[in-house]
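Me: I'm new to reading structures, and I keep meeting words like "buried" and "edge strand". Could you go through this one with me and show how such words are earned?

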Amino acid sequence: MLRIVLRRLGATIPVMLVVAVVVFLMLHLSAGDPAAIIAGDNATEEDIALLRKSLGLDRPLAEQFVQWIWQLAQGDLGVSIFNRVPVATMIAQRMEPTIALTVLTMTLAVSLAVPLGVLAAWRVGTWVDHTIMALAVAAFSCPVFLIGYALVQQFARTWKVLPVQGYTPLSEGLVPFLLHLALPAISLGLIYTALLARMTRSTMLEVLGEDYIRTARAKGLGVRQVLLQHGLRNAAVPIVTTIGLGIALLIGGVVVAESVFAIPGIGRLTVEALQQRDYPVIQGVILVSSLAYVLVNLLIDLSYLLLDPRIRY
Amino acid sequence: MHNRRNILAGAGAAALLAGSLAEGRAQPKKIKTLKAVVHADLKIVDPVWTTAYITQRHANLVYDTLFALNAKFEPKPQMVESYTLSPDGLKYTFTLRPGLVFHDNQPVRPVDCIASIKRWSARDPMGQLLATFITEMAVVDDRTFSMTLKEPYGLVLDSLGKATSPPYIMPERLANTPPNEQVTDPTGSGPFMFKKDEWRPGNRAVYLRHPGYVPRSEPPDYLSGGKIAKLDRLEWIYIPDNNTVLSALQAGEIDYFEAPPLDFIGMLKGSPDISVLNIDSLGVQGLIRPNTLHPPFDKYEGRQALLHLIDQAEYMGAVVGDASLYMPFCGAYFLCNSDNETAVGSEPLRKPDYAKAKALLAQAGYVPGQKIVVLQPTDRPQYNAATTVLISGLRKAGVTVDVQSADWSTITSRRTRRDPPDKGGWNLFITTHGGPDTSMPVSNVWFNSKCERANPGWACDPELEKLISAWAREPDRAKRHAGIEEIQRRAYVSVPYVPFGQFFQPVAFRKNVTGVLAAGQPVYWNIDKS
Amino acid sequence: MSIATTRTRIVRPLVVRRRGLLTRHPRITLAALLLGTLAGLAIFAPFITEYDPMTLAVTQRLRPPSAAHWFGTDAYGRDTFSRTIYGGRISMQIGVSVAAMSVLIGVVVGMLGGAIRWLDPIVMRISDGLMSIPAILLAIALMSLTKASVATVIIAITIPEVPRVIRLVRSLVLTIREQTYMQAAIASGTRLPRLMLRHILPNVLTPLIVQATYICASAVLLEAYLGFLGAGTPTEVPSWGNIIAENRTFVQLATWNVMFPGVFLALMVLGVNMLGDGVRDLLDPRLAGRIGK
């Protein structure tokens, strides 16, 4: 087990390098120029050129890349072009809200979706199944911002029970923290729940159709036992895969939710940095989030070993 | 024994009392905080390095200026107590008000002012113009400095007291930073201090009252007069989604909204908890910018053709909607309601005439089928709306339009390219500008027709520049007014840009917020909250 | 638990079942009807509505639904019904292209990776790398690379989807590969291509159909998110995504401009999902309520 972990961790280094090269090239070859944005409307071309020079953007790409990688090797992500704040500081400031929102949404969704999916599979073809699946489809096909606006309208403006926007750090108390995250987590959680419930149901149905389940039933095992011991256990691998895939989907939603609810997280940091072409920030954020993602995937792969003894690496 | 115990008890009580009194003194009342949602994220704190409006508004809080405009757009002394001009019109002497201090408690000295003017004049167009007249700036005494000109210039005070991008006075140690390097230390002498440790780019910026600020005794008038900070703390919050801001304002989570979407003004006016106020009598002018380097807009006729495509009401309907927030028609390059308003020469703009436009385009050498590249920003709703109307107008005149959609930052970068439109260049794009700067030929940056030295689009008309230069040298305000008509008549011939309308952006705030000033832009002095 | 019996799987030919399709598979019928209607509206839009989706009429802006404008008008006075049915063209094109392209590429690469042991780590590291960049951020970044167009959006959404398909295919292949009947087939010397086509492909097909429907739906949604963040298809050509995105500012004032395209979007997702589920049950008949009742 330890050897597998070490080997996989070693394997992340080339992955990160690939990400670094791709992101760097993609950004620096793309249209848009931070110097033009900073210099503003009055700037002449000479002004912009001077600014590019003082920002170091006029040097050859290869040189800029080598310098960036050299900095990285020393653990330095660089500073923002715009406000000269170190990228590491900016990421650290923005990390908590994003992690909090993601974890809360995941917890909410998994704890809702798996039971719902199993229930739908168990009662397949009945009104229970149809209702759950109809709700899932409805939720699944609604853009996050629409659900967000609707929830804000009801909970924050009509009933005034939850705040419209903003984020309160956990350090300022659990209750305000949860109150501020409630609406974004529900808006995101609905979609994620719908996806996960669908996948759980499909996989459960697949597993429940297997001959050994029938055998188990024939042996006189109770419904609950068959569902939980045999069904869910065998369905676990695809469900966990979906949860893993869902994290990626979730991040997309988080970006949008952070915009709608004014949560100062990583997603908004990246979108704003992209719009402004703040290269060091974009590069830093994408690298860090890639690293996080790779580690999560490693955990998922390892969980296969625990969940399905037939898989080996 | 008894006595002593009493004394001890008494002493303890006194100590307790003193303690609570001290605490009471430290916090005489609740800290008065205003939460304002601003129109953009404050990313840069150096107003010389960038001209972004949000940074200018930050600078208005943190820095003070030598002069400032009043509601009639006349420059009035602000940091300056008194000034003199020598009879030959060549030497200004400025004396600062006593007691001015920076946020680090250092006094404001004439050297600080001179260094700040120098740094500013390297970047700002009006500053650059002023710099060509200045031969020397010198310290006279602790509060006085002089400015010597090589020939009389009419716009010295107007330059020092510009409404946007004036020379903000920084300590000399910061003002000596090269103009192409960013100042990151926000120490100024303005009524508010920037709390850098609470700054979260992308989320919020925090300001505290500057306790050492000495306001002028006059009442506030536009950007001039006494700047009294009545708030203890000001939080600027940036929320990118307008629906969220509106909801937060209605729910009372925020107090003040700089830029409510114009379509919602009607709804906000109807709300019992919210006030709506137009703080800017000049407002915003929309403009279509032709690229004069490439056909057909390299010819006057090509640019004049654009005038005939415009139905300002249609543009304003799409961009603004609410008819109470725009002018039905404004043919003044230098804004309606301004000192320099005139309708001279604007006849072609009054009514669309597609046949005329077509004929003029043909004269300019436009061949049907030739692609005209229009840059359409996807992430700026107002520009996007106006561009949509422009495209439909061009098509009505038989023009083949090649719409290039991209986000605004891509467009700001692409528009600086001089390449032919089909090789990464462009023909037309839309932007807006406003305020007192737009209302003067020298500081209206899109009007600038200095060819190579002009903004993207490279408007080029030496004759127009000659008129402007003569106008700027005229020291008499009344005579300058007459020169405007000549300038505008010429502008409608060479068409540096096409104004497609003028509209207003009110601010909205909770009813418990008072003292919001009509200063042309959101300023936060004089605002109180109950 | 160890009763995993040898699977001799028979995929029933579709042809035999065609006769009873309508009655036996109401879901497929309904889905086909729904998608057919939406596609029909999109294709025959010029004959259905007299309004051009691009013509501005600012005097008519933000009108609520009426007899003249069934779905009201938007901020430019354009007819929302017309824009919605025309918008279906782009949204469907994006959904279908992205699903087809990403599944096709994903299956080929994923099966190869899952079947050939030495290839597996390479494929997985590359897809890990791509996947580790959040899809929406990768898409926005790709959009900023070049000018906004429908083709760019399709590519920008497909690239992040492909590794997800690869991962799913590979996890399925891994499980199948270890099953007894596969071990038997490998032991009996079945060649790789044959193994793939005869044994593995049919087994990954069912989950892939579900996956494809999900991709199709999520592509349409992702297009809306890209629009929301200012990096979607050019607003000149309507798509459900950019109609919603363009009108989201007015959601408190003119709900109809967001609601109607939103409902169409939801209907399309519903149709695609029902079709996916229906076909899945059709291909895998062992599933109909065998347990628990």
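Reply: Sure. Start with chain A: from the N terminus on, its elements run α-α-α-α-α-α-α-α-α-α-α-α. Keep in mind that this is a predicted model.

Me: What makes up chain A, in helices and strands?

Reply: Chain A has 12 helices and zero strands. Its C-alpha atoms fill a box of roughly 85 × 55 × 35 Å along the principal axes. Of its 313 residues, 58% count as buried. Among its contacts between residues at least 6 apart in sequence, 72% join residues at least 24 apart.

Me: Why does A:Ala262 count as buried?

Reply: Buried means under 20% relative accessible area. A:Ala262 has 4% relative accessibility, so the label fits. This residue sits in the loop between helix 10 (223–260) and helix 11 (266–276) of chain A. A:Ala262 also has a positive phi of about 50 degrees, although it is not a glycine.

Me: And why is B:Asn337 called partly exposed?

Reply: The label is for values between the 20% cut-off for buried and the 50% cut-off for exposed. B:Asn337 comes out at 42%, so it counts as partly exposed. Look for B:Asn337 in the loop between helix 10 (312–319) and helix 11 (347–350) of chain B. B:Asn337 has a positive phi too, of about 75 degrees, and is not a glycine.

Me: What makes strand 16 of chain B largely enclosed?

Reply: Seven of the seven residues of strand 16 (residues 428–434) of chain B are buried, so the rest of the structure largely encloses this strand. B:Leu428, B:Ile430, B:Thr432 and B:Gly434 point one way, B:Phe429, B:Thr431 and B:His433 point the other way, and all are buried. That goes with a general pattern: in a regular strand the side chains alternate between the two faces of the sheet.

Me: How do you know that strand 13 and strand 16 of chain B pair?

Reply: Pairing takes at least two bridges between the strands. Strand 13 (residues 284–290) and strand 16 of chain B have seven, in the antiparallel sense, so they pass. One spot to look at is B:Gly286, which stands opposite B:Thr432 in strand 16 of chain B.

Me: Why would strand 8 and strand 12 of chain B be called edges?

Reply: They belong to an open sheet of seven strands, in the order 8-9-10-1-11-18-12 (chain B), with mixed pairing. Strand 8 (192–194) and strand 12 (274–277) of chain B each have a single partner strand, so one side of each has no neighbour in the sheet. Further in, strand 9 (residues 204–209) and strand 10 (residues 233–237) of chain B pair in the antiparallel sense over five bridges. Helix 2 (residues 53–62) of chain B lies across strand 8, strand 9 and strand 10 of chain B, at about 175 degrees to strand 10 of chain B.

Me: What are the edge strands in the sheet of order 4-5-7-6 (chain B)?

Reply: This open sheet has four strands and antiparallel pairing. Strand 4 (80–85) and strand 6 (134–141) of chain B each pair on one side only, and those are its edge strands. Inside the sheet, five bridges join strand 5 (residues 91–96) to strand 7 (residues 144–149) of chain B, and B:Phe94 stands opposite B:Phe145 in strand 7 of chain B.

Me: What is the largest nonpolar core, and which residues have the most contacts inside it?

Reply: The largest nonpolar core has 216 residues, and A:Phe145, B:Tyr207, B:Trp236 and B:Tyr524 have the most contacts inside it. Helix 10 (residues 192–228) of chain C gives the most to this core, with 17 residues. In general, nonpolar side chains tend to be buried together in soluble globular proteins. Not counting residues up to four places away in sequence, B:Tyr207 touches residues including B:Leu42, B:His58, B:Phe192 and B:Trp236.

Me: How many residues of chain B and chain A are in contact?

Reply: 45 residues of chain B are in contact with 46 residues of chain A. The two chains bury about 3800 Å² between them, 49% of it on carbon and sulfur atoms. B:Lys43, B:Trp49 and B:Asn180 supply 15% of the area that chain B buries there, more than any other three residues. The salt bridge count between chain B and chain A is zero.

How values were computed
Residues are numbered from 1 along each chain as its sequence is written. Chains are lettered from A and ligands numbered from 1 in the order in which they are written. This is a predicted model: local features need pLDDT of at least 70, side-chain atom pairs count only at pLDDT 80 or more; totals for chains, interfaces and linings use all residues. Side-chain values use heavy atoms; hydrogens and water are left out. A nonpolar core is a set of buried Ala, Val, Leu, Ile, Met, Phe, Trp, Tyr and Cys residues joined through side-chain atoms within 4.5 Å. Buried means under 20% relative accessible area, exposed over 50%, partly exposed in between (1.4 Å probe, protein chains only). Helices (H or I, at least four residues) and strands (E, at least two) are DSSP runs, numbered from the N terminus. Contact means heavy atoms within 4.5 Å. Axes are lines fitted to C-alpha atoms, for helices over the stretch in contact, and angles run from 0 to 180 degrees between N-to-C directions. Buried area is the accessible area (1.4 Å probe) that two parts lose on being put together, summed over both. A salt bridge is a side-chain nitrogen of Lys or Arg within 4 Å of a carboxyl oxygen of Asp or Glu.
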